[in-house]
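Trainee: Please pick one part of this model and go through it closely. After that, carry on to the other side chains and backbone points, in one connected account.

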Amino acid sequence: VLPRQTCGLFTHTIFYNEYPGGSKELDKSIRGGELFLTVLLNPISIFMTHLSNYGNDRLGLYTFESLVKFVQCWTNLQLQTLPPVHLAEKYFQIFPEERDPLWQNPCHDKRHKDIWSKEKTCDRLPKFLVIGPQKTGTTALHSFLSLHPAVTSSFPSPNTFEEIQFFSGANYDNGIDWYMDFFPFPSNVSTDFMFEKSANYFDTEAAPKRAAALLPRAKILAVLINPADRAYSWYQVRPAHTQQGPDTHCAGS
């Protein structure tokens with residue numbers, strides 16, 4: 001699913017002669033440039049644009065009509081369109097591994113940053129993670145780290161206390177904005193170190209891939225103790241977890 005920047009139809013661009021960089025830039029993108037290559041190299045493309053691009057001098061209609069004609073003239077591609085649900089089914093037939101989302105760092109993609117609200121900043125993402133495992137003292141570590149004036153922990157979750165458990169379960173489907181809302185805006189980007197602690201990141205298979213995609217530069221802290229001591233401590237707390245429900249995982253220490 002491509003943003004307006006990819007097809008060159010910005011919200012404020014509604015006239016052919018007022019296209020950024022001149023109308024020749026739009027035609028260059030259509031006739032062998034970025035827009036043409038997008039269609040050429042992607043088996044399925046879903047373009048986003050603004051309704052106003054189809055009003056006035058109908059820039060949107062000109063853009064895609066010209067693109068289709070160019071593709072049909074200079075390639076052997078057979079263009080086809082489908083209703084949204086059928087298009088999604090077709091997409092996941094080709095890319096079944098993408099059925100589960102994988103949130104990338106938005107600040108590593110200039111286009112993503114361009115369409116983000118000016119109120120958003122990737123400095124609100126954590127710089128390190130305390131990943132567990134359970135019953136190794138991670139809650140105590142979380143408390144001690146939070147005492148440092150330059151270190152800020154995530155806001156507590158109403159369901160899982162100090163743990164967000166974003167990368168390890170259903171919360172991941174809530175998206176990046178949901179995750180970022182657990183962190184304050186940094187007062188000083190150069191010195192503020194924000195972090196979160198979720199003990200079940202340690203033994204959740206999907207967590208490493210998800211965390212690496214969104215936080216590729218984050219440091220990882222794990223607390224390791226004698227496995228027998230950890231297992232006995234976990235055995236002791238299981239009755240409490242069972243009473244609260246299997247998905248609570250409320251304590252990490």
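Mentor: Lys135 has 11% relative accessibility, and this value is under the 20% cut-off, so Lys135 counts as buried. The model is a predicted one, and every value here is computed from it. Lys135 sits in the loop between β1 (128–130) and α7 (138–146). UniProt, in an unreviewed entry, places the feature "active site" at Lys135. Such an annotation may be inferred rather than shown by experiment.

The backbone of this loop deserves a look too. Lys135 has a phi near 65°, which is a positive value in a residue other than glycine. Pro133 is in the loop between β1 and α7 as well. The peptide bond that joins Gly132 and Pro133 is cis, with omega at about 0°. As a general point, most residues other than glycine have a negative phi, and most peptide bonds are trans. Gln165 is another residue with a positive phi, near 55°. Gln165 is found in the loop between β2 (151–153) and α8 (176–180). With 7% relative accessibility, Gln165 counts as buried.

A second annotation lies elsewhere in the chain. The "binding site" feature of the unreviewed UniProt entry covers Ser233. That residue, Ser233, belongs to helix α10, which runs over residues 227–244. Its relative accessibility is 25%, so Ser233 counts as partly exposed, whereas Lys135 counts as buried.

Another serine, Ser117, lies in the loop between α6 (110–115) and β1. At 35% relative accessibility, Ser117 is classed as partly exposed. Ser117 and His148 are 31 residues apart along the chain, and 31 Å separates their C-alpha atoms.

Next come the aromatic side chains. There are 18 aromatic pairs in the structure. In one of them, Phe47 and Phe64, the ring centres are 5.4 Å apart and the planes stand at 55°; an angle neither under 30 degrees nor over 60 counts as tilted, so this pair is tilted. Phe47 is in the loop between α3 (34–41) and α4 (59–74), and Phe64 is in helix α4, so the pair ties together parts that are 17 residues apart in sequence. The two rings fall on either side of the cut-off for burial: Phe47 has 24% relative accessibility and counts as partly exposed, while Phe64 has 18% and counts as buried. Tyr91 and Phe95 also form a tilted pair, with 4.9 Å from centre to centre and 45° between the planes. In that pair, Tyr91 has 23% relative accessibility and counts as partly exposed, and Phe95, at 21%, counts as partly exposed too.

Ring pairs also build a cluster, which links Trp103, Phe166, Phe167, Tyr172, Trp178, Tyr179, Phe182, Phe183 and Tyr201. One of these rings, Tyr172, has a charged neighbour: Arg210 lies over the face of Tyr172, at 4.2 Å from the ring centre. A further arginine is placed in a like manner, since the charged end of Arg124 sits over the ring of Phe185, 4.2 Å from the centre of that ring.

Last is an open space in the model. The second largest pocket holds about 830 Å³ of space. Its lining is made up of 25 residues, and those nearest the pocket centre are Ile44, Ser45, Leu79, Gln80 and Thr81. Helices α3, α4 and α5 (84–94) each give the lining at least two residues. By type, the lining of the second largest pocket has 18 nonpolar residues, 6 polar ones and 1 charged one.

To return to the part picked at the start, Lys135 carries the UniProt "active site" label from an unreviewed entry, counts as buried and has a positive phi.

Methods
Residues are numbered from 1 along each chain as its sequence is written. This is a predicted model: local features need pLDDT of at least 70, side-chain atom pairs count only at pLDDT 80 or more; totals for chains, interfaces and linings use all residues. Side-chain values use heavy atoms; hydrogens and water are left out. Rings of Phe, Tyr and Trp (its six-membered ring) pair if their centres lie within 6.5 Å; planes under 30 degrees apart count as stacked, over 60 as edge-to-face and the rest as tilted. Helices (H or I, at least four residues) and strands (E, at least two) are DSSP runs, numbered from the N terminus. Buried means under 20% relative accessible area, exposed over 50%, partly exposed in between (1.4 Å probe, protein chains only). A charge sits over a ring if NZ of Lys or CZ of Arg is within 6 Å of the ring centre and within 35 degrees of the ring normal. On a 1 Å grid over the protein atoms alone, a cavity is a set of points where a 1.4 Å probe fits but cannot get out, and a pocket is an open set with protein on both sides within 12 Å along at least five of seven lines; lining residues have an atom within 4 Å of a point. Grid points are joined across faces, edges and corners, and a volume is the space filled by probe spheres set on the points. Ala, Val, Leu, Ile, Met, Phe, Trp, Tyr, Cys and Pro count as nonpolar, Asp, Glu, Lys and Arg as charged, and the others, Gly among them, as polar.
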